[in-house]
Amino acid sequence: MIEEKGDEKMGVFVVETYVIKQEKQREYMPWMQRFRKFMKEKPELFQEVKSLKFFTQMFGGVFGGYVNLWEFNSMAEFEKAMNSWFKDKDMMKITEEFKDLLEPTAHSLSVWNSIT
């Protein structure tokens, strides 16, 4: 969507990049399916998420790389979501499972703010 003049909403994008450990490759897709199911079962935890996209590396960069792109309306919305996630024991469990799959030195999380 092209923003129109006077549109005051500035998006916040959380860009998470990572590589799955070689020995955990087979566990990643089943984990992803559980996570997507979890999101449908607990929509109240994700109500601040404007959009979410998952990408896998095709060319260039680090082989086997993944990117998750989370979009929020504002930093306040992102913080609200994070606070609710940290309070939910099921979300913390699925997050720990995810961390176990990751190559720790290849994980990064950045927050980007739109400027137009």
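Colleague: How many helices and strands are there in the protein chain?

Modeller: This is a predicted model, in which local features need pLDDT of at least 70, side-chain atom pairs count only at pLDDT 80 or more, and totals for chains, interfaces and linings use all residues. Residues are numbered from 1 along each chain as its sequence is written, and side-chain values use heavy atoms, with hydrogens and water left out. Taking helices (H or I, at least four residues) and strands (E, at least two) as DSSP runs numbered from the N terminus, the pattern read along the sequence is β-α-β-β-α-α-β. The protein chain thus has three helices and four strands.

Colleague: What percentage of the contacts with a separation of 6 or more is between residues 24 or more positions apart?

Modeller: A contact here means heavy atoms within 4.5 Å. Of the contacts in the protein chain with a separation of 6 or more, the share between residues 24 or more positions apart is 72%.

Colleague: Which residues of α2 are buried?

Modeller: Helix α2 comprises residues 75–87 and reaches 19 Å from its first C-alpha to its last, close to the 18 Å expected at 1.5 Å a residue, that is, 1.5 Å times one less than its number of residues. Buried means under 20% relative accessible area and exposed over 50%, with partly exposed in between (1.4 Å probe, protein chains only). The face of α2 turned away from its buried side carries the exposed residues A76, F86 and K87, whereas the buried residues of α2 pack against β1, β2, β3, α3 and β4. The buried residues of α2 are F78, A81 and W85.

Colleague: Why are those buried residues on the same side of α2?

Modeller: The relevant quantity is the arc of the directions from the helix axis to the C-beta atoms. F78, A81 and W85 are buried in α2, and they lie on the same side of the helix because they cover an arc of only 65°.

Colleague: Which side chain makes a polar contact with the side chain of E16?

Modeller: E16 lies in strand β1 and touches, among others, Y66, W70 and F98. E16 is buried yet has no salt bridge, the nearest side chain of opposite charge, K99, being 9.1 Å away, whereas a salt bridge needs a side-chain nitrogen of Lys or Arg within 4 Å of a carboxyl oxygen of Asp or Glu. Polar contacts are pairs of N or O atoms within 3.5 Å, one able to donate a hydrogen and the other to accept it. At 2.7 Å, the partner of E16 is the side chain of H107.

Colleague: What is the relative accessible area of D88?

Modeller: D88 sits in the loop between α2 and α3, where its side chain makes a polar contact with the side chain of K42 at 2.8 Å and reaches the backbone nitrogen of D90 at 3.1 Å. D88 is buried because its relative accessible area is 14%.

Definitions and conventions. Lys, Arg positive; Asp, Glu negative; His and termini not counted. Lists of a residue's contacts leave out its neighbours within four places in sequence.
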